[in-house]
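Q: Please zoom in on one part for me, the surroundings of the ligand, and then fit that part into the rest of the chain. I'm a first-year student, and plain language would help a lot.

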Amino acid sequence: MRLCPICDGYEVIDKRVAVMGPLKEAVKKASFMRTYTRDLTVLATDGACRMDDCSGPLREAGIRVEACIPNSLRPLGEHAIVVLSGGATGAFDAIYPAMGCRTGAKFGIDLGATCDDLGYLIVDAHQRTVVPGLYAAGDVVNEINQIAVAFGDAAIAATDIHNQLADTNHGFRH
Ligand SMILES: Cc1cc2nc3c(=O)[nH]c(=O)nc-3n(C[C@H](O)[C@H](O)[C@H](O)COP(=O)(O)OP(=O)(O)OC[C@H]3O[C@@H](n4cnc5c(N)ncnc54)[C@H](O)[C@@H]3O)c2cc1C
């Protein structure tokens, strides 16, 4: 099981890869994975897999769609085995979950910050929330979930905090 194709997709180049989750989410992540491997299967956990879903762009991209039984997942040697809804099994070199996530935004929301429909705190270009003096950075404000992004956000916030403090205390600006 792997989490993040942005982080380690290069390690599964040309391998047998599956993306497991509700169809809509899994297709999105599988489409991202397509440049890493041609052997790609969406394992739909919501029972919403129909032939229609396997047509159009998915079929053109060569991405298979199967309904699966999520709690049937087990290791077998180097592989991950999953029971498909028809009773057959699928074997994969790697499976990425695409099951959504809950953000850690509650702390900020409790302090008065606002969030979007996905639960990410809303910030301006300087990482400021709507609460004066409350900044947010990283996974709590975006779904890219990358250390580099969190550091970048933090640098932007830190610079603005520095400038705010300078304005307040000395009138100096960075
Ligand atoms: C398995 C896995 C593999 C990953 N691999 C990579 C990778 O290879 N490359 C990459 O770039 N990214 C990777 N990521 C993503 C990366 O870890 C995150 O994007 C990054 O850590 C986000 O930093 P952050 O500071 O926003 O959040 P976090 O690192 O999650 O830090 C938030 C901190 O706040 C603390 N906290 C939360 N709520 C409260 C509270 N109420 N009070 C006090 N403290 C609180 C938490 O305990 C935590 O320490 C991976 C993530 C996972 C889970």
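A: Let's sort out some vocabulary before we look: Ala, Val, Leu, Ile, Met, Phe, Trp, Tyr, Cys and Pro count as nonpolar, Asp, Glu, Lys and Arg count as charged, and the others, Gly among them, count as polar. Keep in mind, too, that what you see is a predicted model.

Now the ligand. The residues around it are Leu-3, Cys-7, Phe-107, Ala-137, Gly-138, Asp-139, Asn-145, Gln-146, Ile-147 and Ala-150. Sort that shell by class and you get 6 nonpolar, 3 polar and 1 charged residues. The charged one is Asp-139, while Gly-138, Asn-145 and Gln-146 make up the polar group.

What do the oxygen atoms of the ligand have for company? One is 2.8 Å from a side-chain N or O atom of Asp-139. With Ile-147 the partner is in the backbone: an N or O atom there sits 2.8 Å from a ligand oxygen. Notice that Ile-147 counts as nonpolar because the classes go by residue type, yet its backbone still offers a polar atom to the ligand. Gln-146 also joins in through its backbone, with a polar atom 3.2 Å from an oxygen of the ligand. How much of the ligand does the protein cover? On its own the ligand would expose 1,000 Å², and the protein buries 35% of that.

Next, place those residues on the chain. It splits into domain 1, residues 5-97, and domain 2, residues 106-167. Cys-7 falls within domain 1, whereas Phe-107, Asp-139, Gln-146 and Ile-147 are among the shell residues in domain 2. Leu-3 comes before the start of domain 1. The C-alpha centres of the two domains lie 34 Å apart.

So much for the ligand; let's see what domain 1 holds. One open sheet has 4 strands, in the order β3-β2-β1-β7, and they pair in parallel. Its edges are β3 (63-67) and β7 (94-97), each pairing on one side only. From one strand to the next, the twist averages 25°. Look at the seam between β1 (residues 17-21) and β7: it has 4 bridges, and in one of them Ala-18 is partnered with Ile-95.

A second open sheet has 3 strands, in the order β4-β5-β6, with antiparallel pairing. Here β4 and β6 are the edges, and neighbouring strands are turned by 35° against each other on average, direction ignored. Strands β4 (74-76) and β5 (79-83) share 3 bridges, with Leu-76 paired to His-79. The hairpin they form has 2 residues between the strands, and Gly-77 in the turn has a positive phi of about 60°. Further along, β5 and β6 (89-92) are joined by 4 bridges, and Ile-81 has Ala-91 as its bridge partner. Their hairpin has 5 residues between the strands, with Gly-87 in the turn at a positive phi of about 105°.

Technical notes:
Residues numbered from 1 in each chain as written. Predicted model: local features only at pLDDT ≥ 70, side-chain atom pairs only at ≥ 80, totals over all residues. Heavy atoms only, no water. Near = heavy atom within 4 Å. Polar contact = N/O pair within 3.5 Å; in protein donor to acceptor, adjacent residues only side chain to side chain. Areas by Shrake-Rupley, 256 points an atom, 1.4 Å probe, with all protein chains shown as cover. Domains from an automatic or database assignment. Pairing = 2+ DSSP bridges. Axes fitted to C-alpha atoms, helices over the stretch in contact; angles between N-to-C directions.
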